[in-house]
Structure formats: C-alpha cells, structure tokens
Amino acid sequence: MSKIEIEHPDKKVSTGAYSAGVLIDGWLFISGQGSVDLSTGEVIHGTIEEETTNTLNHIKKIIEAAGGGMDDIVKCSAHLSDINEFDRYNTVYASFFPGIKPARTTVQSVLGDGIKVEIDAIARIKTQ
C-alpha cells in the first residue's frame, strides 16, 4: 500500500512542490492542472475553450501515464476565473467524457497567472 508518483510525460520544469499524480491502491489523485507549457512553465493564455482543452489534455496524459484513460475518472473539481464562461467550458469538458460523466464540482475562483480554468481529478485505475 505504498504511494507511487505519476509524472506528466511532457514536464521539463518545476511548477511547484507537488506531484502531478499520486497512485495508491488503484486510486489516482491528479493535482490541479491548468493551461501551462510544461516545457517552459509558462502559462498558455487563450479562450476558455482553448484553456479547458489544454488543461484536460494534461489530465489525460497523466492518467495515461498511470495506465488508465479518461473513462476511469470518477470525480473532478474545476475552478473558473469567470463563472459566466461556464457554458463554453462545459461544452469542451463534456467532449472529453462521452460516456458516464464524472461527478463534478465547478466554482468561480481567483486563479494565479491569469489562467481561466484549473481542474483536478480522481480516477480508479483498473489493475491486472
């Protein structure tokens, strides 16, 4: 029952004192992700649709590094800098989860570096 660190396969620079993912007993806990270029650490600013896509692509790469897929995600928490962009964010978010959607909380928050969205996730990874 030891913890296993799951790294983002594209991460080249430090973006803080945290693990991208922690796997324990088949449960994967993915830290909050945003629209960041992980080779430079720089924020990639864009529309809410672009930033949501970038953010969910980071989550996808982390879960795949752990041996899972987006359909293994059971819970997401999302922070939007402007809740008025919810419908546009939600359309992109839904496209990443065509089947049973994860349980989710979405709130408006003050986010650093001018990002528009941050999402964390919990997944259950199937083991052999």
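Biologist: In which loop of this predicted model is Asp113 found?

Modeller: The model is a predicted one. Asp113 has a positive phi of about 60° although it is not a glycine. As for its place in the chain, Asp113 is found in the loop between S7 and S8.

Biologist: Is Asp113 buried or exposed?

Modeller: A residue counts as exposed when its relative accessible area is over 50%. The relative accessible area of Asp113 is 65%, so this residue is exposed.

Biologist: Which residue in the hairpin of S2 and S3 takes a positive phi near 50°?

Modeller: The hairpin of S2 and S3 has 2 residues between the strands. The residue in question is not a glycine, and its place is in the loop between S2 and S3. With a relative accessible area of 47%, it is partly exposed. The residue that takes the positive phi is Asp25.

Biologist: How many bridges pair S2 with strand S3?

Modeller: Strands of a sheet pair through backbone hydrogen bonds, either parallel or antiparallel. S2 and strand S3, which covers residues 27-33, pair in the antiparallel sense. Within this pairing, Ile24 has Trp27 of S3 as its bridge partner. The number of bridges between S2 and S3 is 4.

Biologist: Which residues form the uncovered face of S2?

Modeller: S2 has two faces, one covered and one uncovered. Gly21 and Leu23 belong to the covered face, and Gly21 is also the bridge partner of Ile6. The uncovered face is formed by Val22 and Ile24.

Biologist: In what order do the strands of the open sheet stand?

Modeller: The open sheet is formed by 6 strands, and its pairing is mixed. S1 and S2 run antiparallel, joined by 3 bridges, whereas S6 and S7 pair in the parallel sense over 6 bridges. The order of the strands is S1-S2-S3-S8-S6-S7.

Biologist: Which strands stand at the edges of the sheet?

Modeller: A strand at the edge has a single partner strand, so one side of it is left without a neighbour in the sheet. From one strand to the next, the twist averages 15°. The strands at the edges are S1 and S7.

Biologist: What is the bridge partner of His79 in S7?

Modeller: S6, which covers residues 73-80, pairs with S8 in the antiparallel sense over 7 bridges. In S8, the bridge partner of His79 is Glu118, and Cys76 stands opposite Ala121 in S8. S6 also pairs with S7, in the parallel sense. There, the bridge partner of His79 is Val107.

Biologist: At what angle does H2 run to S7?

Modeller: Helix H2 covers residues 86-95. H2 lies across S6, S7 and S8. Its angle to S7 is about 150°.

Biologist: How far apart are the axes of helix H1 and helix H2?

Modeller: Two packed helices are described by the angle between their axes and the distance between the axes. For H1 (residues 48-65) and H2, the angle is about 35°, and the crossing is right-handed. The contact is made by Ile48, Glu49, Thr52, Thr53 and Leu56 of H1 and Arg88, Tyr89, Val92 and Tyr93 of H2, which divide into 5 nonpolar, 2 polar and 2 charged residues. The distance between the axes is 9 Å.

Biologist: Is His8 buried or exposed?

Modeller: The place of His8 is in the loop between strand S1 and strand S2. Leaving aside neighbours within four places in sequence, His8 is in contact with Ala20, Leu38, His58, Lys61 and Ile62. A residue counts as buried when its relative accessible area is under 20%. The value for His8 is 4%, so His8 is buried.

Biologist: Which residue has a side chain joined to that of His8 by a polar contact of 2.9 Å?

Modeller: Among the residues in contact with His8 are Lys61 and His58. The side chain joined to that of His8 by the polar contact of 2.9 Å is that of His58.

Biologist: What length has the polar contact between the side chains of Asp10 and Lys61?

Modeller: Asp10 also has its place in the loop between S1 and S2, and Asp10 is partly exposed, with a relative accessible area of 33%. Not counting residues up to four places away in sequence, Asp10 touches Leu38, Ser39 and Lys61. The C-alpha atoms of Asp10 and Leu38 are separated by 6.2 Å, although these residues are 28 residues apart along the chain. The polar contact between the side chains of Asp10 and Lys61 has a length of 2.4 Å.

How values were computed
Residues are numbered from 1 along each chain as its sequence is written. This is a predicted model: local features need pLDDT of at least 70, side-chain atom pairs count only at pLDDT 80 or more; totals for chains, interfaces and linings use all residues. Side-chain values use heavy atoms; hydrogens and water are left out. Buried means under 20% relative accessible area, exposed over 50%, partly exposed in between (1.4 Å probe, protein chains only). A polar contact is a pair of N or O atoms within 3.5 Å; within protein, one must be able to donate a hydrogen and the other to accept it, and residues adjacent in sequence count only if both atoms are side-chain atoms. Contact means heavy atoms within 4.5 Å. Axes are lines fitted to C-alpha atoms, for helices over the stretch in contact, and angles run from 0 to 180 degrees between N-to-C directions. A crossing is left-handed if the near helix is turned anticlockwise from the far one by less than a right angle, and right-handed if clockwise. Ala, Val, Leu, Ile, Met, Phe, Trp, Tyr, Cys and Pro count as nonpolar, Asp, Glu, Lys and Arg as charged, and the others, Gly among them, as polar. Two strands pair if DSSP finds at least two bridges between them.
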